[in-house]
Amino acid sequence: MKTVQEAIQWRRSIRKFKPDPISDEHLALIIEAARLAPSGTNRQPWRFQVIRDQALQKRLAEEATLNQRHVAEAPVCIVCGSEMLTFVKGHPLAPSGGDYFAAESEDPEALKPFIADAQMYTAVAIEHMALMAASLGIGSCWVQRIRFGAMAKLLGWPRHRVIHALLLLGYPEGDLPPQRRLAKEQILL
Ligand SMILES: Cc1cc2nc3c(=O)[nH]c(=O)nc-3n(C[C@H](O)[C@H](O)[C@H](O)COP(=O)(O)O)c2cc1C
């Protein structure tokens, strides 16, 4: 198993996967990494749907991700979203003490201002999964170029749950792609 530093250095977006499956044990470790992520007010809005069904993935690719082939071909596709009811004051799904930063009602319009926060919290959990996968030698790829309405409809997600991204998982096929990054001097202000 790679250290955090090794996993960060090894990780890149993998778009070509070997057909080898991801074991249930490794998938459980990856989901556990998401579960342990931090979030504002400990709100934990993240919700995940694990798909291991290439016929469904093909439909998602064609109908809701602008035909990104790797969505259809990945051994595992995790739909990553947020339960927006966690942002409703006093709601059973909301954390205790989280009322000062929450919506007055479940009305989708009242919840809209909190989608950016939900997205940030869930993004942290998604990257936890990507790094846990990397530590196990499993490649991943975020996919956010999504037709969100089409995907929610296809998967039957209700309006109070918003989809943010997919995380594809699988063992990399071929050489790892290069990493192009800004220099330290360009990012330190
Ligand atoms: C929020 C987010 C959205 C992304 N959306 C897509 C996507 O829709 N399709 C895709 O193939 N890659 C997507 N990527 C992967 C990026 O293209 C990739 O991270 C970037 O080019 C840097 O390359 P690396 O991950 O290999 O280091 C996304 C990455 C992030 C973090």
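Q179 lies in the loop between β4 and α8 (184-187). The model shown here is predicted. Its four-stranded open sheet has the strand order β1-β2-β4-β3, with antiparallel pairing, and α6 packs on that sheet. The points below start with the loop that holds Q179, then turn to the sheet, the helices and some single residues.

**The loop after β4**

- Q179 is exposed, because 10 other C-beta atoms lie within 10 Å, and a residue with 12 or fewer counts as exposed.
- Between Q179 and T65 there are 24 Å from C-alpha to C-alpha, and the two are 114 residues apart along the chain.

**The sheet**

- In the order β1-β2-β4-β3, four strands make up an open sheet, and they pair in the antiparallel sense.
- β1 and β3 (139-143) are the edge strands, each of them pairing on one side only.
- On average, and with direction ignored, neighbouring strands of this sheet are turned by 25° against each other.
- β1 and β2 run antiparallel and are joined by six bridges.
- Within this pairing, F48 stands opposite C80 in β2.
- β2 also pairs with β4 (residues 161-170), in the antiparallel sense and over eight bridges.
- Two positions illustrate the pairing with β4: V76 has L169 as its bridge partner, and S82 stands opposite V162.
- How much of β2 is covered? Eight of the eight residues in β2 are buried, so the strand is mostly covered.

**Helix α6 and its contacts**

- α6 touches β1, β2, β3 and β4 as it packs on the sheet, and its direction makes about 10° with that of β4.
- α6 (residues 115-135) also meets helix α2 (residues 24-35): their axes come within 7 Å and cross at roughly 145°.
- Is the crossing of α2 and α6 left-handed or right-handed? The crossing is right-handed.
- On the α2 side, the residues in this contact are L29, I30, A33 and A34.
- On the α6 side, they are A125, H128, M129, M132 and A133.
- Sorted by class, the contact of α2 with α6 has eight nonpolar residues, one polar residue and no charged residues.

**Helix α3**

- Which residues of α3 (residues 54-64) are buried? They are Q57, L60, A61 and A64.
- Viewed down the axis of α3, these buried residues fall within an arc of 120°, and therefore they line one face of the helix.
- The elements that the buried residues of α3 pack against are β1 (46-51), α4 (69-73), β2 (76-83) and α7 (148-155).

**Two loop residues with positive phi**

- L66 comes just after α3 and takes a positive phi of about 55°.
- L66 is placed in the loop between α3 and α4, and the positive value occurs here in a residue other than glycine.
- Why does L66 count as exposed? L66 has 12 C-beta neighbours inside 10 Å, and exposed residues are those with 12 or fewer.
- N42 is a residue other than glycine with a positive phi, near 55°.
- The place of N42 is the loop between α2 and β1.
- N42 is exposed, because 11 other C-beta atoms lie within 10 Å.

**V50 in strand β1**

- V50 is found in strand β1, which is one of the edge strands of the sheet.
- V50 is partly exposed, with 15 other C-beta atoms within 10 Å; that class lies between the exposed limit of 12 or fewer and the buried limit of 20 or more.
- Which residues is V50 in contact with, leaving aside its neighbours within four places in sequence? The contacts of V50 are L27, V76 and I78.
- V50 and L167 are 117 residues apart in sequence, and 9.5 Å separate them in space, C-alpha to C-alpha.

Technical notes:
Residues numbered from 1 in each chain as written. Predicted model: local features only at pLDDT ≥ 70, side-chain atom pairs only at ≥ 80, totals over all residues. Axes fitted to C-alpha atoms, helices over the stretch in contact; angles between N-to-C directions. Left-handed = near helix turned anticlockwise from the far one by under 90°. Contact = placed C-beta atoms within 7 Å. Nonpolar A, V, L, I, M, F, W, Y, C, P; charged D, E, K, R; others polar. Arc of directions from axis to C-beta. Pairing = 2+ DSSP bridges.
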